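Walk through this fold with me, one element at a time. Keep the sequence and the 3D view side by side.

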Amino acid sequence: MIAPLRILALAGIAAAAVVDLESRQSASQITTVDLSVNLGTPVHRASGVLYGVPNTKNQIPSTFYTGMGFNYLSAGGAQFTGSTGWIFGGYTGRFQDVLSNFQTARQFGAQFILKMSDLWGTDGTQGSNGVYPGVNTDFTEFDAYLTQLVSDLKANGMTTNIKLLIWNEPDLVNVFWGGSMAQYLAMWSHAVTFLRTNLAGVPIAGPAFAGAPTSSNTWWTSFLSHVKADGTAPDVYTWHHEGSSTDATNDLQNSQPAMVSLLNQFGLVIGEFIIDEYANVGEQNPSSAAWWISRFERFNMSGLRGNWLSGANLQDFLSGLLWKSGSTYFGNGEWQMYNYYATSMTGHRVATTGSTDRLMDNYAVVDTNIVRILVGGRLVTGTYSLQIKNLSALGLATAGTISVLTRQFSFAGTEGQEGAPTDLGLVAHTYTGNVLSFPIFQTDTVTTWAFEFSF
Ligand SMILES: *[C@@H]1O[C@H](CO)[C@@H](O)[C@H](O)[C@H]1NC(C)=O
Ligand SMILES: *[C@@H]1O[C@H](CO)[C@@H](O)[C@H](O)[C@H]1NC(C)=O
């Protein structure tokens, strides 16, 4: 992390250096904002969490939920103490856990995604005793489970604000699925048919593959061909983005168009896409999370933060945004960035582009008389440039001087408390040609910044 004073000094020389810097910089290092393109009201689509919510209601004070814009929760009772799921003697304890989580989601107006495979008992800890639905095409036990589940969902008012996720990461064979792909596909169709008959109108989500859609991923191509053939396509397509930061397919910029193209190829309806687990553990910092946010906003996709804790911590801390001292919760630097994203970035969204090296991006909004731009780099250092186009769309002259305020989001690790972002003050930048440009000095991989100017 860098001391605020050093940044101020750098920002101070920026105005003079702008022209030189721009001529040196290639598109690979420029992220842009186009103030003339209105993309509608922000709904902070990346403010979802996987697990992260305690079984005891109100254990985490409500300001931490509302402050990060909490709007999606996925859970199913994984690794819940005292109950291991349907196949290990019943799911009663896990279901109570799910019910509590569902009620917390509803309390904050958030949607709930039920990981049905957790309730079955497949949460990654099942080991060699795990059994999977449909062995030898026998679905007797699975039907008993589905019958009980439908009854419990109805009895507890869990048929709205909910999506039913049939199976988590079956493509991680021997972690979350222990049968063949054919057995998985048969299980999928069986579950969808059962649920559509017995719980009509409740949306089905899936396939929640760990791997992003590509035309060479046989889990995806087999799944899409299978659901097209028997009419069991999910209502909402979900998948995960928690792989390597250097894997080009582990990026919405790749997977969103790939998904659209696959659905067209298989003649399926293009509905809503949700990434119900995003960012690998190293990417859970203010800068990389802001990079993910920029992409979720660009593609209008909802995102739920991945969860890299385990045991009792899995269902706490809003998926790595909080920590606690004794029983007192506090927000870390990443929570502060989500707080800014969800509560300060009001008005309307405007169009942006990421750098062509795909490592720097931004999310921008225009409110009545202020522009707010949150930048984020994907575990990158170096000097990038922020280019803000069409200032005249705000009623500003096409040339002049604008004073830009910088707010710094620092990070002292997941367990490190951070306060509100540091106000680094105003720096005046001159501009011409209806475009304002200034550098982003990304001197470490985790700190990030928001830039604001009034008009
Ligand atoms: C996202 O939504 C906005 C507003 O409706 C729309 O203009 C834009 O084209 C959408 N982007 C994508 C990639 O669908
Ligand atoms: C926005 O800026 C770009 C180039 O910077 C220009 O091509 C485009 O016409 C501008 N749009 C409007 C609405 O002024």
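Tyr-278 stands opposite Arg-305, a residue of strand 9. The model is predicted. Strand 8 covers residues 272-278 and strand 9 covers residues 302-305. These two strands pair in the parallel sense over 3 bridges.

Now widen the view. Strands 8 and 9 belong to a barrel that 8 strands close, in the order 2-3-4-5-6-7-8-9. The pairing in this barrel is parallel. On average, neighbouring strands of the sheet are turned by 25° against each other, direction ignored. Helix 3, residues 92-107, packs on the sheet. Helix 3 touches strand 3 (72-75), strand 4 (111-115) and strand 5 (162-165). The direction of helix 3 makes about 160° with that of strand 4.

Next, the nonpolar interior. The largest nonpolar core has 98 residues. Among those with the most contacts inside this core are Leu-114, Tyr-145, Ile-166 and Tyr-184. Helix 6, residues 181-198, gives the most to the core, with 8 residues. Where does this core lie with respect to domain 1 and domain 2? Domain 1 (4-41 + 348-454) and domain 2 (48-342) both give residues to the core, so the core lies between them. A second, separate core has 25 residues, including Val-366, Leu-394, Ile-402 and Val-404.

Tyr-184 deserves a stop. Leaving out residues up to four places away in sequence, Tyr-184 touches Trp-167, Pro-170, Trp-177, Pro-207, Phe-209, Trp-219 and Phe-223. One of these, Pro-207, sits in strand 6, residues 204-209. A cis peptide bond joins Gly-206 and Pro-207, with omega about 5°. Most peptide bonds are trans, and most residues other than glycine have a negative phi.

Two residues depart from that phi rule. Thr-137 is not a glycine, but has a positive phi of about 50°. Thr-137 is found in the loop between helix 4 (116-120) and helix 5 (140-155). Phe-317 is also a residue other than glycine, and its phi is positive, near 65°. Phe-317 lies in the loop between strand 9 and strand 10 (322-325). Is Phe-317 buried or exposed? Phe-317 has a relative accessible area of 2%, so this residue is buried. Thr-137 has 66% relative accessibility and therefore counts as exposed.

Another loop residue is worth a look. His-44 lies in the loop between strand 1 (30-38) and strand 2 (48-50). With a relative accessible area of 19%, His-44 is buried, because the cut-off for buried is under 20%. What does the side chain of His-44 reach at 3.3 Å? The partner is the backbone oxygen of Gly-69. Leaving aside neighbours within four places in sequence, His-44 is in contact with Gly-69, Asn-71, Glu-297, Tyr-341 and Ala-342.

Finish at strand 1 and its pairing. Strand 1 and strand 15 (residues 382-389) pair in the parallel sense over 5 bridges. Ile-30 has Ser-385 as its bridge partner in strand 15. Strand 15 is also joined to strand 18 (residues 435-442) by 8 bridges. Strands 15 and 18 run antiparallel. There, Lys-389 has Val-435 of strand 18 as its bridge partner.

Conventions. Residues are numbered from 1 along each chain as its sequence is written. Chains are lettered from A and ligands numbered from 1 in the order in which they are written. This is a predicted model: local features need pLDDT of at least 70, side-chain atom pairs count only at pLDDT 80 or more; totals for chains, interfaces and linings use all residues. Side-chain values use heavy atoms; hydrogens and water are left out. A nonpolar core is a set of buried Ala, Val, Leu, Ile, Met, Phe, Trp, Tyr and Cys residues joined through side-chain atoms within 4.5 Å. Buried means under 20% relative accessible area, exposed over 50%, partly exposed in between (1.4 Å probe, protein chains only). Helices (H or I, at least four residues) and strands (E, at least two) are DSSP runs, numbered from the N terminus. Domain bounds come from an automatic or database domain assignment. Contact means heavy atoms within 4.5 Å. Two strands pair if DSSP finds at least two bridges between them. Axes are lines fitted to C-alpha atoms, for helices over the stretch in contact, and angles run from 0 to 180 degrees between N-to-C directions. A polar contact is a pair of N or O atoms within 3.5 Å; within protein, one must be able to donate a hydrogen and the other to accept it, and residues adjacent in sequence count only if both atoms are side-chain atoms.
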